[in-house]
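Student: I have a model on screen and want the labels justified. Can we go through them?
Tutor: Yes. Ask why each label applies, and we will set value against cut-off.

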Amino acid sequence: MKKALAMIVTMTMLGTTVACSSGQGTPSAGESSSTSKSEVAPKKVELKVFLGGLDRFRDQFEKYFAAFAKKEKKEKNIEVTINTEYPGSDNSTQILKTRLATGDVPDIFSLHAVNDIPDYYKAGYLEDLTKQPLSGKLIDGIKSLVTIDNKVVAVPMESLAWGYLYNKKIFKDLGIKPPSTLTEMKTVVQTLNDKKIKPFMLSYKESWIPQLFLPLTIGGLGNSSHKDFVDKMYKNQGSFAEVKDMFGIIDLVNSNGTDRVFEVGNDDGAADFAAGKAAMWVQGPWDADSLLKANDKFEFGVAPLPINDDSTSTQINVSVSTSLAMAAQGKNKEVSADLLNFILDDQASNDLYQGLKFNPVSKNHSFKPYPWVEDASVYVNKGQAYKDPQIPAAVKDESGKALQAYFNKKMSADDVIKDLDKTWKDANAIANKK
């Protein structure tokens with residue numbers, strides 16, 4: 001028995017020696033073994049995500065980011081912590097520009113595709129996403145709006161076809177149809193007033209809301225009677241005096257709206273509009289989620305805003321607004337790219353975009369468009385649409401403040417014109433120095 005025991009011990013020691021010499025002991029990283037990935041310490045990455053003006057979608061984004069973190073841990077053993085910021089629309093652009101200029105760079109940030117991509121690209125802030133899988137998924141018409149120098153530089157979130165919103169029940173009950181001229185709109189307004197219904201929701205607490213008049217009026221006029229207006233402004237050869245027609249619809253809206261104008265912002269405006277306190281709102285379908293949260297039975301439509309009595313100026317604005325970009329100076333590009341590709345995941349993104357009430361942007365999106373999208377598509381399909389005009393961000397920002405002052409009678413129409421002319425020239429001067 002002693003001899004047998006000694007033989008067993010000797011064989012055991014010999015087996016251990018052979019195993020160690022053949023590399024079958026503790027495996028090195030990257031080698032196959034029976035050790036599961038979960039036993040290897042995960043790589044830890046912190047992503048900074050800047051989502052300006054998107055606080056109303058916080059729940060949807062946070063849930064989606066949590067799903068991404070779980071996927072990244074499972075597939076790559078990377079433990080991702082995502083720190084999100086949701087600054088308000090009024091100051092998010094300035095905050096982001098300051099952060100980028102000072103080197104406090106978020107890994108991923110939101111920007112307006114039409115307004116911001118040219119300037120941010122020129123400044124070297126945008127990573128090229130062309131070779132990422134997401135690039136090949138984008139619908140062609142959408143892809144062109146996030147492409148510059150043949151490079152895809154952002155993931156589109158909100159693709160828009162917008163004008164103003166109207167309460168379908170009120171319109172149906174009164175036999176009203178969306179008007180195609182300013183005179184027809186005046187008739188609609190009179191009909192509503194006669195029925196003691198406020199024609200327009202006014203919510204000017206936040207300057208970005210009255211600012212919406214600018215792309216709608218310049219877009220309509222710039223694609224009908226003043227096709228060279230934007231080009232002339234960039235050459236310092238034009239003036240807003242040429243498109244003074246824009247004040248016709250602004251005056252009509254301002255004089256036939258709800259009360260407490262400067263006490264009502266976007267959230268309160270959405271709640272009041274969904275409650276039927278006005279028949280129309282110069283606002284976009286990006287507020288669909290807020291409207292339906294306030295009243296899940298609310299039915300609203302989208303129609304082009306009449307500017308004058310030339311019906312060819314009454315067109316739908318087609319745009320890509322909120323998009324997500326990767327910072328060229330970001331420190332976590334691999335994981336940032338994974339997150340942006342997950343934004344257009346073939347399966348999960350259907351629920352994300354549908355939950356956000358956004359339009360399909362991917363060839364693999366299979367969800368049915370919402371009724372208000374179909375309303376706008378009727379005009380688009382008839383050729384009554386234009387691409388959102390490329391107006392300097394500084395001019396848009398200033399127009400919101402100027403139109404607040406115009407409503408409050410602190411500025412005249414001529415004052416607004418002079419102010420916007422100067423702001424555009426200043427923006428040209430700054431752009432030319434870069």
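Student: Where is Ser-239 in this predicted model?
Tutor: The model is predicted. Ser-239 sits in the loop between α10 (229-234) and α11.

Student: Why is Ser-239 called buried?
Tutor: Its relative accessibility is 19%. Buried means under 20%. So Ser-239 counts as buried.

Student: What makes the pair Ser-239 and Asp-421 a polar contact?
Tutor: Their side chains are joined at 2.7 Å. The limit for such a pair of N or O atoms is within 3.5 Å. The value meets that limit, so the label holds.

Student: Which residues does Ser-239 touch beyond four places in sequence?
Tutor: Phe-229, Met-233, Ile-417 and Asp-421. Asp-421 is thus also the polar partner of Ser-239.

Student: Where does Ser-362 lie, and how do you know whether this residue is buried or exposed?
Tutor: Ser-362 is in the loop between α15 (348-355) and α16 (371-381). Its relative accessibility is 2%. With buried set at under 20%, Ser-362 is buried.

Student: What lies around Ser-362?
Tutor: A polar atom of its side chain is 3.0 Å from the backbone nitrogen of Asn-364. Neighbours within four places aside, Ser-362 contacts Lys-137, Ile-139 and Leu-344.

Student: Why is Gln-315 given the label it has, buried or exposed?
Tutor: Gln-315 has a relative accessible area of 10%. The buried class is under 20%. Gln-315 is therefore buried. Its place is in the loop between β11 (300-303) and β12 (316-320).

Student: Which backbone oxygens lie by the side chain of Gln-315?
Tutor: The backbone oxygen of Thr-312 is 2.7 Å from a polar atom of that side chain. The backbone oxygen of Asn-223 is 3.5 Å from a polar atom of the Gln-315 side chain. The polar-contact limit is within 3.5 Å.

Student: Which residues does Gln-315 contact, leaving aside neighbours within four places in sequence?
Tutor: Asn-223, Pro-304, Gln-384, Ala-385 and Tyr-386.

Student: Now helices. What makes α9 and α17 fit their angle class?
Tutor: The axes of α9 (residues 213-222) and α17 cross at roughly 110 degrees and come within 9 Å. The perpendicular class runs from 65 to 115 degrees. That makes α9 roughly perpendicular to α17.

Student: Which residues make that contact?
Tutor: From α9, Phe-213, Leu-214 and Pro-215; from α17, Val-395, Lys-396, Ser-399 and Leu-403. By class, the contact of α9 with α17 has five nonpolar residues, one polar and one charged.

Student: Why are α11 and α17 called oblique?
Tutor: α11 (residues 246-254) and α17 (residues 393-407) pack at about 55 degrees, with axes 11 Å apart. Roughly parallel needs under 35 degrees, and roughly perpendicular needs 65 to 115. The angle falls in neither class, so α11 and α17 are oblique. Their crossing is right-handed.

Student: What forms the α11 and α17 contact?
Tutor: Phe-247, Ile-250, Asp-251 and Asn-254 of α11 meet Leu-403, Tyr-406 and Phe-407 of α17. The residues divide into five nonpolar, one polar and one charged.

Student: How do you know the class of α2 and α14?
Tutor: The axes of α2 (residues 58-76) and α14 (residues 333-343) cross at roughly 120 degrees and come within 11 Å. Perpendicular ends at 115 degrees, and antiparallel needs over 145. So α2 and α14 are oblique to each other. α2 passes α14 in a right-handed crossing.

Student: Which residue classes make up the α2 and α14 contact?
Tutor: Eight nonpolar, no polar and five charged.

Student: What makes Asn-150 stand out in its phi?
Tutor: Phi of Asn-150 is near 60 degrees, a positive value in a residue other than glycine. Most residues other than glycine have a negative phi.

Student: Why does Asn-150 get its accessibility label?
Tutor: Its relative accessibility is 74%. Exposed means over 50%. So Asn-150 counts as exposed. Asn-150 is in the loop between β4 (147-148) and β5 (151-152).

Student: And why is Arg-260 called partly exposed?
Tutor: Its relative accessible area is 47%. Buried is under 20% and exposed over 50%. The value lies in between, so Arg-260 is partly exposed. Arg-260 lies in the loop between α11 and α12 (266-274), and its phi is positive, near 55 degrees.

How values were computed: Residues are numbered from 1 along each chain as its sequence is written. This is a predicted model: local features need pLDDT of at least 70, side-chain atom pairs count only at pLDDT 80 or more; totals for chains, interfaces and linings use all residues. Side-chain values use heavy atoms; hydrogens and water are left out. Axes are lines fitted to C-alpha atoms, for helices over the stretch in contact, and angles run from 0 to 180 degrees between N-to-C directions. Helices (H or I, at least four residues) and strands (E, at least two) are DSSP runs, numbered from the N terminus. A crossing is left-handed if the near helix is turned anticlockwise from the far one by less than a right angle, and right-handed if clockwise. Ala, Val, Leu, Ile, Met, Phe, Trp, Tyr, Cys and Pro count as nonpolar, Asp, Glu, Lys and Arg as charged, and the others, Gly among them, as polar. Buried means under 20% relative accessible area, exposed over 50%, partly exposed in between (1.4 Å probe, protein chains only). Contact means heavy atoms within 4.5 Å. A polar contact is a pair of N or O atoms within 3.5 Å; within protein, one must be able to donate a hydrogen and the other to accept it, and residues adjacent in sequence count only if both atoms are side-chain atoms.
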